[in-house]
Amino acid sequence: MIRTLIAQTEEIDDLELAVSEILEQLDIERNLLKNSVGIMTCYLDFIENGIVKAICEKLPFEVAGVNVLNSATSKGKGPLSLSLAVLTSDDVFFSAGISGSLAHGHEEPLKEMYEKASAKHEAKPSLILAFTPAAHYSTAGDYMVNALSTASGGVPVFGLMPSDYDVGFRSPLVIFGGEVYKDSMAVILISGNVNPRFTYMAVPEEKTLRRKAVVTSSQDNIIKEINGNPAVDYLKSVGLIEDDNSISPQVAPIVLYSDDGTDPVVRTLYAMNSEGFPLLGGVAPEGRTIGVGTLDASDVLGMVSKTVASLGEYDFLLVVSCVSRNFILGGDDMAEIDLLKSGLGENAPFMFAYAGGELCPVRAADGALVNQFHNLTLISCAL
């Protein structure tokens, strides 16, 4: 069993008041059980003004997280906020760790981090909550997931990348122990009496074009040819690239299908590289079938309703939505959060955050879980 303590503050100017609000809501002297860990999301200013560090220094357990565009809990919602979920238990065990820099490779730093953090557990962890550095216009999301899966022997990985924007990507950061990192991963390992359950939704099949295509030449996240022709020609034909080779302003999912029956994943079209090839938000191996979908606000909100309806009982729920889904909502940018909060109920032990990339296992044909990096997806993990 896990007891979840939720705290949130919008006090962005007064450090002492922000710290006192968080501590008062947690009341840790009365509520902590034997084992505890914290998950934090916040707006960038809470990092820059020292509030994140001050809160973490007051807590007798590790805290990991990221800065995000918008977040919500049962205690509040909004972009200019700091959210903290504390998981505490007598029969569930937690450990946390931070990797070395991933700027020059993923395998060794993540292996070392996992081995150090998992050594604190008597049993093999059942779940890794991962808070990864941003990986825009690259395959780093896939590489990080694969390296962590290899290091852990396939332990399910659920997590998110930071999302921090003004007119573009600003300062996406990973939080660990009150410090922040640009190119390191933080993790929380969980073992014991716990059974994580996952959901993931990206695009309804009926909203995907029936005219499928095949990636015939690619390099990591660079698509060079589709159906034996220049990839840019196909993407122009479906409206994702303009005649002048600029990216269409519409947010459109590119569904990547698997030949082995593993559930499909979604990629977004991020940019064109200097050679004129399209760049996706993750890998697109040669031979894979792709389909282009459409999403509107009703699709985004419909996935929230389906997720809520599928949950059942839980001690803690972490919900992550791609920040591009928020952009689809346009002026009604709180609609996804409002629908989730109303569906879960007033005192539900949950945390919601918008992410720059999502990590969640998918189902293989044989029912096994396969760790996967996603774009444009709504994911959840219930404990």
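1. In this predicted model, Asp220 is partly exposed, because its relative accessible area of 37% lies between the 20% under which a residue is buried and the 50% over which a residue is exposed. Asp220 sits in the loop between strand 14 (213-219) and strand 15 (222-226), and its phi is near 55°, a positive value in a residue other than glycine.

2. Asn227 can be read in a similar way, beginning with its place in the loop between strand 15 and strand 16 (229-230). Although Asn227 is not a glycine, it has a positive phi of about 55°, and with a relative accessible area of 41% it counts as partly exposed.

3. Is Thr199, a residue of strand 13 (residues 197-201), buried or exposed? Thr199 has a relative accessibility of 16%, and therefore counts as buried, the cut-off being under 20%. Its side chain is joined to that of Ser380 by a polar contact of 2.5 Å. When neighbours within four places in sequence are left aside, the residues in contact with Thr199 are Thr307, Ser310, Cys360, Leu378, Ile379 and Ser380.

4. Strand 9 (residues 157-160) deserves a look from both sides, since in a regular strand the side chains alternate between the two faces of the sheet. Here Val157 and Gly159 lie on one side and Phe158 and Leu160 on the other, and all of these residues are buried, so that both faces of the strand are covered.

5. Which strands pair with strand 9? Strand 8 (residues 127-131) runs parallel to strand 9 and is joined to it by 4 bridges, whereas strand 24 (residues 358-359) pairs with strand 9 in the antiparallel sense over 2 bridges. Leu160 takes part in both descriptions, as it is the bridge partner of Phe131 and also stands opposite Glu358 in strand 24.

6. The second largest pocket has a volume of about 250 Å³ and a lining of 18 residues, among which Asp142, Arg267, Val283, Arg288 and Gln372 lie nearest its centre. Helix 6 (140-152) and strand 18 (265-267) each supply at least two residues of this lining, and the largest share, 4 residues, comes from helix 6.

7. As for the chemical character of that lining, the residues around the second largest pocket divide into 8 nonpolar, 5 polar and 5 charged. A student who wishes to find this pocket in the structure could start from the residues nearest its centre, including Asp142 and Arg267.

Key: Residues are numbered from 1 along each chain as its sequence is written. This is a predicted model: local features need pLDDT of at least 70, side-chain atom pairs count only at pLDDT 80 or more; totals for chains, interfaces and linings use all residues. Side-chain values use heavy atoms; hydrogens and water are left out. Buried means under 20% relative accessible area, exposed over 50%, partly exposed in between (1.4 Å probe, protein chains only). A polar contact is a pair of N or O atoms within 3.5 Å; within protein, one must be able to donate a hydrogen and the other to accept it, and residues adjacent in sequence count only if both atoms are side-chain atoms. Contact means heavy atoms within 4.5 Å. Two strands pair if DSSP finds at least two bridges between them. On a 1 Å grid over the protein atoms alone, a cavity is a set of points where a 1.4 Å probe fits but cannot get out, and a pocket is an open set with protein on both sides within 12 Å along at least five of seven lines; lining residues have an atom within 4 Å of a point. Grid points are joined across faces, edges and corners, and a volume is the space filled by probe spheres set on the points. Ala, Val, Leu, Ile, Met, Phe, Trp, Tyr, Cys and Pro count as nonpolar, Asp, Glu, Lys and Arg as charged, and the others, Gly among them, as polar.
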